[in-house]
Amino acid sequence: MITGILLSLMAALGFGLSAVFIKASMSSVSVKTATVISLISSSAVTMVIALSLHYEEILSLAPMAFIWFLLAGLITFLGGRFLNFHAISLMGASKASAVVSSTPLFAAILAVLFLGETIGFMLGAGTLMIVVGITLVVVQE
Amino acid sequence: MRETVKRITYYGLLFAVCAAFLYALSALVGKKITNDFSSPMVASAFSILFGLIATGSVFFSTVSREARNLSGRSWALIGLSGCASALGVSGWYLALNVTQVVVVAPIVAVYPLITILMASLFLRGIEKVTKQTVAGAIIVVIGVLFVGFGT
């Protein structure tokens, strides 16, 4: 349990720090270059962890898996990370992180639209809170 | 001047919302991959690798021009950002391996508050963190938890 909590904290700290480091570098570099260089270091770290923990699995991956990896890479990084960094450069790390953290709301909307899930009280209340929170973050004098 | 700042903020909002949507779409693709092909950690590592190849190909001319003139400090900050994000993804998947999602999700969901804390400590001359931003981020985090437990 403690290991899980520590790893979760590491994840939260990692996501939180990533935006701060990028914002600190933005004065001297374009979003395009920042996205590519950040992906080089991300790729190195995740590849080392994946190879050390799942070497056998990697050797036996089906060819079709690589097409899905490519699709995920295009959506998440050429799309998501690039736009996220753009948002950080325009709004600042704190505001952009608050808005981007609403990802589960969009996942829930996609699940309702394409997987036939229903909108319950928790989803409705959560959606309302996210909209109010983002409005507070964005609309400031 | 004020209008320009407002416009920049709203463009930022548009990009942030689109990024959130794409991350959600990527979660659906990730679900398909982890159901049919590989473990989340392997999927993540290869998605980042392919993302790097695709992004590097598309932005090659800009990156090759700018990278030569980039200061060591910028290289270090961007590299650290990539490492931090990779540790985030890896920590998330490894945590899910050893404990339940009901423990992991609420802890990871507070990351915007960590960003705000770190920004107020390390980005003092670069960005201003207001009480309204903190309040808004706390409400978003509670909303995200509601959505997470509601689905």
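Angles between helix axes are sorted here as roughly parallel under 35 degrees, roughly antiparallel over 145, roughly perpendicular from 65 to 115, and oblique for the rest. Keep that in mind for the helix pairs of chain B below.

This is a predicted model, in which local features need pLDDT of at least 70, side-chain atom pairs count only at pLDDT 80 or more, and totals for chains, interfaces and linings use all residues. Residues are numbered from 1 along each chain as its sequence is written, while chains are lettered from A and ligands numbered from 1 in the order in which they are written.

**The two chains**

Let's start with the overall picture. Helices and strands are DSSP runs numbered from the N terminus (H or I over at least four residues for a helix, E over at least two for a strand). A residue is buried if 20 or more other C-beta atoms lie within 10 Å of its own, exposed if 12 or fewer do, and partly exposed in between, with C-beta atoms placed from the backbone.

| Chain | Helices and strands | C-alpha box along the principal axes | Buried share |
|---|---|---|---|
| A | 6 helices, 0 strands | roughly 50 × 45 × 35 Å | 59% of 141 residues |
| B | 7 helices, 0 strands | roughly 50 × 40 × 25 Å | 48% of 151 residues |

Along the sequence, chain A reads α-α-α-α-α-α, and chain B reads α-α-α-α-α-α-α.

Contacts are counted between residues whose C-beta atoms, placed from the backbone, lie within 7 Å. In chain A, 64% of the contacts between residues at least 6 apart in sequence join residues at least 24 apart. For chain B, residues 24 or more positions apart account for 53% of the contacts with a separation of 6 or more.

Chain A is assigned domain 1 (2-91) and domain 2 (102-141), with bounds that come from an automatic or database domain assignment. Taken over C-alpha atoms, the centres of these two domains of chain A are separated by 24 Å.

**Where the chains meet**

The contact between the chains draws 105 residues from chain A and 106 residues from chain B. On the chain A side, α1 (2-25), α2 (31-59), α3 (63-91), α4 (93-100), α5 (103-114) and α6 (121-138) each supply at least two residues. The largest share of that side, 22 residues, comes from α1(A). By class, the side of chain A that touches chain B has 66 nonpolar, 34 polar and 5 charged residues. Here Ala, Val, Leu, Ile, Met, Phe, Trp, Tyr, Cys and Pro count as nonpolar, Asp, Glu, Lys and Arg as charged, and the others, Gly among them, as polar.

**Helix pairs in chain B**

Axes are lines fitted to C-alpha atoms, for helices over the stretch in contact, and angles run from 0 to 180 degrees between N-to-C directions. Helix α2 (residues 40-58) and helix α4 (residues 72-98) of chain B have axes that come within 9 Å and cross at roughly 165°, so α2(B) and α4(B) are roughly antiparallel. Residues B:P40, B:M41 and B:S44 of α2(B) meet B:V89, B:S90 and B:Y93 of α4(B). That contact has 4 nonpolar, 2 polar and no charged residues.

Helix α5 (residues 101-109) and helix α7 (residues 131-150) of chain B pack at an angle of about 155°, with axes 9 Å apart, which makes α5(B) roughly antiparallel to α7(B). The contact is made by B:A105, B:P106 and B:A109 of α5(B) with B:V141, B:V144, B:L145 and B:G148 of α7(B). By class, it has 6 nonpolar, 1 polar and no charged residues.

Notes:
Two residues are in contact if their C-beta atoms, placed from the backbone, lie within 7 Å.
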